[in-house]
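Here is a short set of exercises to work through with the model open beside you. Try each task before reading its solution.

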Amino acid sequence: MVIKVFLASSSGSTAIKKKQQDVLGLLEALKVNYMQVDIATNEENRAWMRENVPGEKKPANGIPLPPQIFNEENYCGDYETFFDAKEDNQVFAFLGLSPPTGLKEALLVETAAVFRVEKTPLGSP
């Protein structure tokens with residue numbers, strides 16, 4: 001499975017450039033196999049991305065901005081949902097991938113399977 005990151009190589013927005021760099025940097029740090037798909041130089045890529053971002057995930061103007069992340073043809077999310085997953089140590093789950101053995105996310109998944117932690121209100125026995 002290849003993660004596809006749709007981005008704009010010639011974006012005039014520094015915010016978009018930074019978000020794209022953040023996503024790519026984290027994928028590289030996690031050693032995730034990914035492919036950059038440029039929407040700035042290829043109209044087919046841009047059209048495919050726009051058509052395949054689910055309607056409920058599109059902004060009010062209907063045009064999703066890069067970066068948009070897919071696992072093959074399956075939509076994973078945008079910058080915000082990617083970094084929410086990062087904060088929750090769920091990047092591999094977000095991407096639809098199994099985490100490598102020994103990675104913090106893998107340890108969290110394994111621990112959750114072994115120990116069921118139930119939340120109890122403070123002061124409860």
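**Exercise 1. Find the buried residues of helix 1 and work out how they are arranged around its axis.**

Step 1. The buried residues of helix 1 are Ile16, Gln20, Val23, Leu24, Leu26 and Leu27. Buried means under 20% relative accessible area, exposed over 50%, and partly exposed in between, with a 1.4 Å probe and protein chains only. Helices (H or I, at least four residues) and strands (E, at least two) are DSSP runs, numbered from the N terminus. This is a predicted model, in which local features need pLDDT of at least 70 and side-chain atom pairs count only at pLDDT 80 or more, while totals for chains, interfaces and linings use all residues. Residues are numbered from 1 along each chain as its sequence is written, and side-chain values use heavy atoms, with hydrogens and water left out.

Step 2. Look down the axis of helix 1: its buried residues fall within an arc of 160°, so they line one face of the helix. The arc is that of the directions from the helix axis to the C-beta atoms.

Step 3. Turn to the face away from the buried side, and you meet the exposed residues Thr14, Gln21, Glu28 and Ala29.

Step 4. Now see what the buried residues of helix 1 pack against: strand 1, strand 2 (34–38), strand 3 (68–71), helix 3 and helix 4. Contact here means heavy atoms within 4.5 Å.

**Exercise 2. Check the length of helix 1 and inspect what lies at its start and just after it.**

Step 1. The expected span of a helix is 1.5 Å times one less than its number of residues. For the 16 residues of helix 1 this gives 22 Å, and the end C-alpha atoms are 22 Å apart, which agrees.

Step 2. At the start of helix 1, a side-chain oxygen of serine 13 reaches to within 3.3 Å of the backbone nitrogen of alanine 15. Such a polar contact is a pair of N or O atoms within 3.5 Å; within protein, one must be able to donate a hydrogen and the other to accept it, and residues adjacent in sequence count only if both atoms are side-chain atoms.

Step 3. Serine 11 sits in the loop between strand 1 (3–7) and helix 1. Its side chain reaches the backbone nitrogen of serine 13 at 3.1 Å. Serine 11 counts as buried because its relative accessibility is 12%. Setting aside residues up to four places away in sequence, serine 11 touches Ile16 and Lys17.

Step 4. After helix 1 comes lysine 31, whose phi is positive, near 60°.

**Exercise 3. Which residues have the most contacts inside the largest nonpolar core?**

Step 1. A nonpolar core is a set of buried Ala, Val, Leu, Ile, Met, Phe, Trp, Tyr and Cys residues joined through side-chain atoms within 4.5 Å. The largest one has 19 residues, and those with the most contacts inside it are Val5, Val23, Leu27, Ile69, Phe82 and Leu95.

Step 2. Strand 1, helix 1, helix 3 and helix 4 (91–95) are the elements giving two or more residues to this core.

Step 3. Apart from this core lies another, of 8 residues, among them Ala8, Ile39, Phe70 and Tyr75.

Step 4. Follow valine 5 outward: not counting residues up to four places away in sequence, its contacts include Val23, Leu27, Tyr34 and Pro67.

**Exercise 4. How many salt bridges are there in the whole structure, and where do their partners lie?**

Step 1. The search finds 5 salt bridges. A salt bridge is a side-chain nitrogen of Lys or Arg within 4 Å of a carboxyl oxygen of Asp or Glu.

Step 2. One of them joins glutamate 80 and lysine 19, at 3.2 Å from N to O. This pair links distant parts of the chain, with glutamate 80 in helix 3 (residues 79–87) and lysine 19 in helix 1 (residues 14–29), 61 residues apart. Glutamate 80 is partly exposed at 40% relative accessibility, as is lysine 19 at 27%.

Step 3. Another joins arginine 46 and glutamate 43, at 2.6 Å from N to O. Both lie in helix 2 (residues 43–52), 3 residues apart, about one turn of the helix.

Step 4. Lysine 86 also forms a salt bridge, with glutamate 87, and the closest N and O atoms are 3.7 Å apart. Lysine 86 is partly exposed at 33% relative accessibility, whereas glutamate 87 is exposed at 59%.
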